[in-house]
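Hi,

Here is the structure I promised to hand over. Have a look at it first, and then read on for what turned up.

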Amino acid sequence: MDCDILHLHHPKYLIFTKHIKAKKIVLTHHGYYKNPYSCDYKFSETYVSHFLKDFTNNTQGYVVYNPIPMIEYPLTQNKKREYLFFIGACDKKVKRLDIAIEVAEKSNHKLIVAGTASQSLKSYLSTLAFVEYIGEVNQTEKLKLFSKSKAVICPNDSPEAFCLVAAEANAVGIPVIASNNGGLPEVIGNNISGYICYSLNDYLNAITKVNTLNVNKVRNYTKSKFDISIISNDYLSLFNQLLNEK
């Protein structure tokens, strides 16, 4: 099989270069891969954030953000939004559920927690009167939970490349309160679609200000950066640039 562009989204798919002849090969990195990878052909690399590109010390790569199909993320119409929302792999220490719990307790807010959790963690969460653990949720349920929350809290302390949860919450108009780690500062517009925090006091101050953020501006910020039409054009421009190279 022959083609102009072979676009891959994980190094393991480089195996397809043995079966598909392409004028140009593009490999998009969605995270950091510790294992080395090889290919018989020269290929171009793209990254889903400037953070990830810098993290891998690749001066030759390109940055194309993850896309958000905005049509699938309706603007929230809920006027009454009171709880904080945390979603993720709850047992992973890097997700820092402990920070979310402390912020909720000290700001006197209910915290809804969604995602996978061990039995011991579930038992612990059940002892906290202000925390409601609801387990794993599907996309429809997640969007409903987003739309009814005062803010989504992402206190990650890991070098996460992009943080899709933050972009999804902003897409429906809900502010995100997050750490300054990984690609989060590229996803969230500080003081526009949420707040970037460096300390516990920053999180607590952010809680007092999230209601001042306009849901339309929150959504439009995300739409202007990550809408699938924009990202598609970014890739098309890159593909054309690569094909026109001598």
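A quick bit of vocabulary before anything else: a crossing of two helices is called left-handed if the near helix is turned anticlockwise from the far one by less than a right angle, and right-handed if it is turned clockwise. Please also keep in mind that you are looking at a predicted model.

With that term in hand, start at helix 2 (residues 97–106) and helix 7 (residues 200–209). Helix 2 passes helix 7 in a right-handed crossing. Their axes are 10 Å apart and the packing angle is about 55°, so the two helices count as oblique to each other. On the helix 2 side you will find Ile-99, Glu-102, Val-103 and Lys-106, and these meet Leu-200, Tyr-203, Leu-204 and Ile-207 of helix 7. Sorted by class, this contact has 6 nonpolar and 2 charged residues, with no polar ones.

Next, go to helix 5 (residues 164–171), which has helix 4 (residues 139–147) as a partner. The axes of helix 4 and helix 5 come within 9 Å and cross at roughly 65°. This is another right-handed crossing, helix 4 passing helix 5. Gln-139, Lys-142 and Phe-146 are the helix 4 residues here, and they meet Val-165, Glu-168 and Ala-169 from helix 5. The classes in this contact come to 3 nonpolar, 1 polar and 2 charged residues.

Helix 5 also packs with helix 8 (residues 215–226), where the axes come within 7 Å and cross at roughly 130°. An angle over 145° would be roughly antiparallel, so helix 5 and helix 8 end up as oblique. For this contact, helix 5 brings Ala-167, Asn-170 and Ala-171, while helix 8 brings Val-218, Arg-219 and Thr-222. That makes 3 nonpolar, 2 polar and 1 charged residues.

Now for the empty space. How much space lies in the largest pocket? The volume is about 220 Å³. Its lining is made up of 12 residues, and those nearest the centre are Lys-24, Lys-42, Phe-43, Ser-44 and Glu-245. Strand 2 (residues 21–29) gives the largest share of that lining, with 4 residues. By class, the lining of the largest pocket holds 6 nonpolar, 1 polar and 5 charged residues.

Over to you now, and happy browsing!

Definitions and conventions
Residues are numbered from 1 along each chain as its sequence is written. This is a predicted model: local features need pLDDT of at least 70, side-chain atom pairs count only at pLDDT 80 or more; totals for chains, interfaces and linings use all residues. Side-chain values use heavy atoms; hydrogens and water are left out. Axes are lines fitted to C-alpha atoms, for helices over the stretch in contact, and angles run from 0 to 180 degrees between N-to-C directions. Contact means heavy atoms within 4.5 Å. Ala, Val, Leu, Ile, Met, Phe, Trp, Tyr, Cys and Pro count as nonpolar, Asp, Glu, Lys and Arg as charged, and the others, Gly among them, as polar. Angles under 35 degrees count as roughly parallel, over 145 as roughly antiparallel, 65 to 115 as roughly perpendicular and the rest as oblique. On a 1 Å grid over the protein atoms alone, a cavity is a set of points where a 1.4 Å probe fits but cannot get out, and a pocket is an open set with protein on both sides within 12 Å along at least five of seven lines; lining residues have an atom within 4 Å of a point. Grid points are joined across faces, edges and corners, and a volume is the space filled by probe spheres set on the points.
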